[in-house]
Amino acid sequence: MTILLNATPAPARDIDGKAISALVLDEVREEVEVLSRQQIFPALAVLLVGADPASEVYVRNKLLRAREVGIRSLEYRLAENASQAEVLDLIAQLNADITVNGILVQLPLPAHIDEAAVIHAIDPIKDVDGFHRENVGGLVQGIEVLTPCTPSGCMRLLHETCGDLSGKHAVVIGRSNIVGKPMATLLLQADCSVSVVHSRSVDAPALCRLADIVVAAVGRPGLIDASWLKPGAVVIDVGINRISSESGNRLVGDVDYASARTVASAITPVPGGVGPMTIAYLLKNTLIASQLQRAVGIRQAEPAFV
Ligand code: NAD
């Protein structure tokens, strides 16, 4: 038998977000079909204020995917100079509309609009982004609520890759309200030991090297390389960073993919990792919102047209 000394370890396998998001979308499609036979037609309202090009793309993709799985999608647009009162009026109308199950306000909003006021004007039971403080509190307490889409998608990627997460040490890099904090909470609920590393952490790479699972949500291209990782770690790269060069624009994550995959056992690519999961979980949340509304007795009206 030949024993290879210092053999190069096998590179990490890719965690295929496109394939796993397709599974989630199939689950949603099947559930929508069951509901439609009961004359229940889940609907998602998406509100875009202004014409930010990146937001336009995100909204278009969300509406397209919603239609593909049979969820009614309703697009609302207000001008860049719309007043806060106009935005709040529209949200009040959507809150009151029993044919609308989910409300998503595309962020960022123009600078003159108070983002927190808008988020907290959405009825928590229709808050498919899971950003309302009532949903944030419910998540921390382990109550069934609408949970932010990106962390929910990351959890599904981890379960598909590792199975049971119980007892694993997870390090989340970043502590934002939309990714880092809810991610850490979901990992804790899955019985991981969780550390959160952030911009003020002392020796972030050393803390990260203790982790079985690393979730990077920082917004710094290629910050995390092989030197941050324990051999065999599973790496989820949430970062989406646009890099411009002479050969054009490309998207990269917060993880230096080429370097990290020499040490990790599995890793999400960018693009094609976490990104597709976020939209899939937005649509799953629309279904959950519709279920929660039925559970509390909000009548689900048949829309005039589907
Ligand atoms: P954010 O700017 O709100 O938060 C970044 C966090 O990183 C902060 O908590 C900060 O403390 C931490 N940080 C900054 N520098 C650090 C350093 N050197 N070491 C350790 N921690 C550091 O960002 P966000 O909204 O959480 O987004 C993070 C990234 O995820 C961005 O690239 C964003 O585009 C991406 N994102 C992707 C999706 C998706 O669907 N894939 C969804 C949301 C966000």
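A residue counts as buried when its relative accessible area is under 20%. In this predicted model, Ser-290 has a relative accessibility of 0%, and therefore it counts as buried. Ser-290 belongs to helix α10, which runs over residues 275–295, and its side chain is joined to that of Arg-294 by a polar contact of 2.6 Å.

From this helix the reader can turn to the ligand, since Thr-278 is among the residues that come nearest to it, together with Arg-175, Ser-176, Val-238 and Ile-240, out of the 21 residues around the ligand. The shell that these residues form is made up of nine nonpolar, ten polar and two charged residues, and the ligand itself sits in the largest pocket.

Several polar atoms of the protein can be located relative to the ligand's own heteroatoms. A polar atom in the side chain of Thr-278 lies 2.7 Å from an oxygen atom of the ligand, while at Ser-199 a polar backbone atom is found 3.2 Å from a ligand oxygen atom. On the nitrogen side, an N or O atom in the side chain of Arg-220 is 3.2 Å from a nitrogen atom of the ligand. Taken on its own, the ligand has 860 Å² of accessible area, of which the protein covers 73%.

Definitions and conventions. Residues numbered from 1 in each chain as written. Predicted model: local features only at pLDDT ≥ 70, side-chain atom pairs only at ≥ 80, totals over all residues. Heavy atoms only, no water. Near = heavy atom within 4 Å. Polar contact = N/O pair within 3.5 Å; in protein donor to acceptor, adjacent residues only side chain to side chain. Areas by Shrake-Rupley, 256 points an atom, 1.4 Å probe, with all protein chains shown as cover. 1 Å grid on protein atoms, 1.4 Å probe; cavity = no way out; pocket = protein on both sides within 12 Å on 5 of 7 lines; lining within 4 Å. Sits in = over half its atoms within 2 Å of the grid points. Nonpolar A, V, L, I, M, F, W, Y, C, P; charged D, E, K, R; others polar. Helix = DSSP H or I, 4+ residues; strand = E, 2+ residues; numbered from the N terminus. Buried < 20%, exposed > 50% of the residue type's maximum accessible area, 1.4 Å probe, protein only.
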